[in-house]
Every structure is written in C-alpha cells, then in structure tokens.
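Me: Please take a close look at one part of this protein for me, the final helix. I'd like to know what surrounds it, in plain words.

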Amino acid sequence: MGDRILKKGTGWRLGWNTKSIAYPGLIGGEDWAIELKSAEFADFCRLFEQLATTMKVMAEELMEEERIACEAESELLWLEVEGFPQSYSLRVILNQGRRCEGNWPAEVVSELYEEMQKLNTF
C-alpha cells in the first residue's frame with residue numbers, strides 16, 4: 001500500500017495518510033470530513049466492526065419490520081447504528097478534544113463498511 005489512500009463513493013469517504021503524524025485518518029460524508037488521530041481511526045474501525053456484527057446477529061432475532069439502535073463507545077469516540085439489521089445509518093461523535101460529529105445514511109453504510117475492512121491500517 002502507498003503512503004496515502006483515499007477511498008470514496010457516493011456519500012462517504014475514508015482515508016489514511018502514513019506521512020501525517022497528527023491526523024493520518026480521514027472519515028467523511030457527502031459534504032463533511034473529519035481528520036482522525038491514529039488511535040481514533042483504529043477505534044472507529046473496531047467499533048464499526050463490532051456494531052456491524054451486532055446488526056448481523058440481530059437480523060435473526062428481530063421481525064422483518066423491527067428497527068433497532070445500538071451504540072458502542074471508547075474513550076475517544078462514540079458510534080451508533082440505527083435502522084433495520086440489513087439497512088442502518090451510522091453516526092459518530094468524537095469524545096475528546098475537537099468535539100466533531102458526522103453521520104452516514106443507511107444507503108451508503110454497507111459500502112463504507114466494505115471499504116473500511118479493505119483499508120487494513122488498524
């Protein structure tokens with residue numbers, strides 16, 4: 001992998017820049033972006049993975065029309081998914097320092113998740 005990676009699709013962006021010491025990670029939506037410290041980006045990926053797994057498990061527990069909200073948190077950030085197990089939105093809030101917030105609509109989260117798994121930087 002090169003020094004700089006930027007993946008983007010309709011309504012989402014993910015990036016990693018190994019040369020940036022302070023903020024190597026990037027998450028973003030259609031019209032917003034947040035640069036993340038290495039530990040913040042690692043927590044984002046870990047918590048997103050945890051929530052995606054929870055939603056897969058919940059698909060077997062819920063009736064088709066039932067919506068659910070789940071959240072996961074570290075010292076650095078908070079994530080929430082909300083919707084149906086197969087289609088849900090994602091929201092992120094930084095807990096320390098910059099106090100940023102962002103969200104992705106349900107129609108882009110599965111593609112964002114797939115690309116996050118491919119980055120392999122955490």
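Reply: H2 lies across E7 and E8, and its direction makes about 75° with that of E7. Here, H and E are helices (H or I, at least four residues) and strands (E, at least two) taken from DSSP runs and numbered from the N terminus. Contact means heavy atoms within 4.5 Å; angles run from 0 to 180 degrees between N-to-C directions, with axes fitted to C-alpha atoms, for helices over the stretch in contact.

Before going on, keep in mind that this is a predicted model, where local features need pLDDT of at least 70 and side-chain atom pairs count only at pLDDT 80 or more, while totals for chains, interfaces and linings use all residues. Residues are numbered from 1 along each chain as its sequence is written, and side-chain values use heavy atoms, leaving out hydrogens and water.

Now, what are E7 and E8 part of? They belong to an open sheet of four strands, in the order E5-E6-E7-E8, with antiparallel pairing (two strands pair if DSSP finds at least two bridges between them). E5 and E8 (101-104) are the edge strands with a single partner each, so one side of each has no neighbour in the sheet. From one strand to the next, the twist averages 15°. Four bridges hold E7 to E8, and one of the partnerships puts Val92 with Gly102 in E8. The two strands make a hairpin with six residues between them, and Gly97 in the turn has a positive phi of about 70°.

E8 has a neat pattern too. Gly102 and Trp104 point to one face and are buried, whereas Glu101 and Asn103 point to the other and are not. "Buried" is under 20% relative accessible area, with exposed over 50% and partly exposed in between (1.4 Å probe, protein chains only).

H2 has another sheet to deal with. The strands E1-E2-E3-E4, in that order, form an open antiparallel sheet, with a twist that averages 10° from one strand to the next. H2 (residues 106-119) packs on this sheet, touching E1 and E2, and its direction makes about 15° with that of E2.

Then there's the other helix, H1, which lies across E5, E6, E7 and E8 at about 25° to E6. So where do the two helices meet? Look at Phe48 and Tyr113, a pair that links distant parts of the chain: Phe48 sits in H1, Tyr113 in H2, and they are 65 residues apart. Their ring centres are 5.3 Å apart and their planes at 65°, so the pair is edge-to-face. That label comes from a rule for Phe, Tyr and Trp (its six-membered ring): centres within 6.5 Å make a pair, planes under 30 degrees apart are stacked, over 60 edge-to-face, and the rest tilted. Both residues are buried. Phe48 also touches Leu79, Leu90, Val109, Leu112 and Met116, not counting residues up to four places away in sequence.

Step back, and Phe48 and Tyr113 turn up in one aromatic cluster with Trp16, Trp32, Phe41, Phe44 and Trp104. The largest nonpolar core has 34 residues, and Phe48 and Trp104 are among those with the most contacts inside it. (Such a core is a set of buried Ala, Val, Leu, Ile, Met, Phe, Trp, Tyr and Cys joined through side-chain atoms within 4.5 Å.) H2 is one of the elements giving two or more residues to this core, though the largest share, eight residues, comes from H1.
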